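Colleague: Could you take me closely through the ligand site of this model, with the surroundings of the ligand first and the pocket after that?

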Amino acid sequence: MNRKSIAVLTSGGDAPGMNAAIRAVVRTGIFHGLKVMGVKKGYEGLIKGEIFEMSLSSVADIIHRGGTMLQTARSPEFATPQGREKALNMMSVFGIQGLVVIGGDGSFRGARDLAAMGVQVVGIPGTIDNDIPFCDYTIGFDTAVNTVVEAISRIRDTTSSHNRANIIEVMGRNSGDISLYAGLAGGAESIVVPEVNASVEDVCKRIMHGRNRGKLHSIIILAEGVGGAFEMAKAIEDKIGVETRVTILGHVQRGGSPTAFDRIMASRLGARAVELLMEGKTSRMVAQYQNQIRDFDFDEVLTAKKGFAGEIYSLARILSI
Ligand code: ADP
């Protein structure tokens, strides 16, 4: 009897912890007697046939590494029916019967389209943005938050020495979660996120409130989805005369060794994804939700909207005043 063959790919933006998920898929699959293949560069590699068999040792020494050993790509061709038809053909050439897609919501849309064509496919949320519904935390989010918190501490030292304000722009596309969690953990005076309409006046008021009671620094966390960091710095200087610097953290937030939390969650999700394929499930995302490993239909995930962590926002405002 032929062994069942499955494949794994990473797609969209990379995130620390993707390697731990790949390792879990490969080793769980082999443990259960499956043949496991790796696809390079996401859907692009699926179309082009950049596919190879993975052994136990092919994923050795990667659990602690950021990025993705399978590499990732954005594939405009795959977003077309013709591109997906090519991917489907390539999967049958390589005898792939089940696919694990590690990525964000764009990758899940592609995965749902593949499932609609009859492919057995399961998704794992891998993105630093934490913007996926039915998912407590996406893989990479915890590492990114820790990176930002470390940056806040460093910037706080120099900001205090000079009695300045500093606007730190952090990633997260349209989601303010990295800003909220890092802002709370880093004790930022203001957190400006796309989900809340904040004014420069409010930011200035909080800076002045802190100064009046002897605070030496003011840290403003600004989510990239809001934008306008330099304009805000100028507005603060114009309004209250406090020297304000801007730090754009950029891609440092996407790299680095994953935290233990991300490695553990990625390992559990990778293993569960393989089990779902063995159970014959398809078109489902596996995620940690309400502290349990659960799975949800892609349709449900892709039509829902992730709730705003309002209580984190309110708490950060109360505690930093
Ligand atoms: P992420 O998965 O991190 O959200 P993207 O949005 O860039 O990243 O999506 C990754 C890839 O998934 C895209 O390059 C494309 O190939 C595929 N994809 C994205 N959106 C769709 C869609 N609506 N339909 C089909 N495929 C899509």
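Modeller: What follows is a description of the ligand and its surroundings, and then of the pocket.

The model is a predicted one, and the values below are computed from it. The shell around the ligand holds 17 residues, of which R74, S75, G104, G106 and S107 come nearest. By class, these shell residues divide into three nonpolar, eight polar and six charged. Among the elements of secondary structure, helix α4, which spans residues 105-116, gives the most to the shell, with six residues.

Several polar contacts can be described atom by atom. G104, one of the residues that come nearest to the ligand, has a polar backbone atom 2.9 Å from an oxygen atom of the ligand. The backbone of G13 also takes part, with a polar atom that lies 3.4 Å from a ligand oxygen. With D113 the contact involves the side chain, a polar atom of which is placed 3.2 Å from a nitrogen atom of the ligand. As for the cover that the protein provides, the ligand taken alone exposes 560 Å², and the protein buries 81% of that area.

Turning to the pocket, the space taken by the ligand is the largest pocket, and the volume of this pocket is about 440 Å³. It is lined by 27 residues, and those closest to its centre are G12, G13, R74, G106 and S107. R74, G106 and S107 thus appear both in this central group and among the residues that come nearest to the ligand, while G13, also close to the centre, is the residue whose backbone has the 3.4 Å contact described above. The lining divides into six nonpolar, 11 polar and 10 charged residues. Here too α4 gives the most, with six residues in the lining of the largest pocket, just as this helix gives the most to the shell around the ligand.

Terms used. Residues are numbered from 1 along each chain as its sequence is written. This is a predicted model: local features need pLDDT of at least 70, side-chain atom pairs count only at pLDDT 80 or more; totals for chains, interfaces and linings use all residues. Side-chain values use heavy atoms; hydrogens and water are left out. A residue is near a molecule or strand if one of its heavy atoms lies within 4 Å of it. A polar contact is a pair of N or O atoms within 3.5 Å; within protein, one must be able to donate a hydrogen and the other to accept it, and residues adjacent in sequence count only if both atoms are side-chain atoms. Accessible areas come from the Shrake-Rupley method with a 1.4 Å probe; for residues, only the protein chains shown count as cover. On a 1 Å grid over the protein atoms alone, a cavity is a set of points where a 1.4 Å probe fits but cannot get out, and a pocket is an open set with protein on both sides within 12 Å along at least five of seven lines; lining residues have an atom within 4 Å of a point. A molecule sits in a cavity or pocket if more than half of its atoms lie within 2 Å of its grid points. Helices (H or I, at least four residues) and strands (E, at least two) are DSSP runs, numbered from the N terminus. Ala, Val, Leu, Ile, Met, Phe, Trp, Tyr, Cys and Pro count as nonpolar, Asp, Glu, Lys and Arg as charged, and the others, Gly among them, as polar. Grid points are joined across faces, edges and corners, and a volume is the space filled by probe spheres set on the points.
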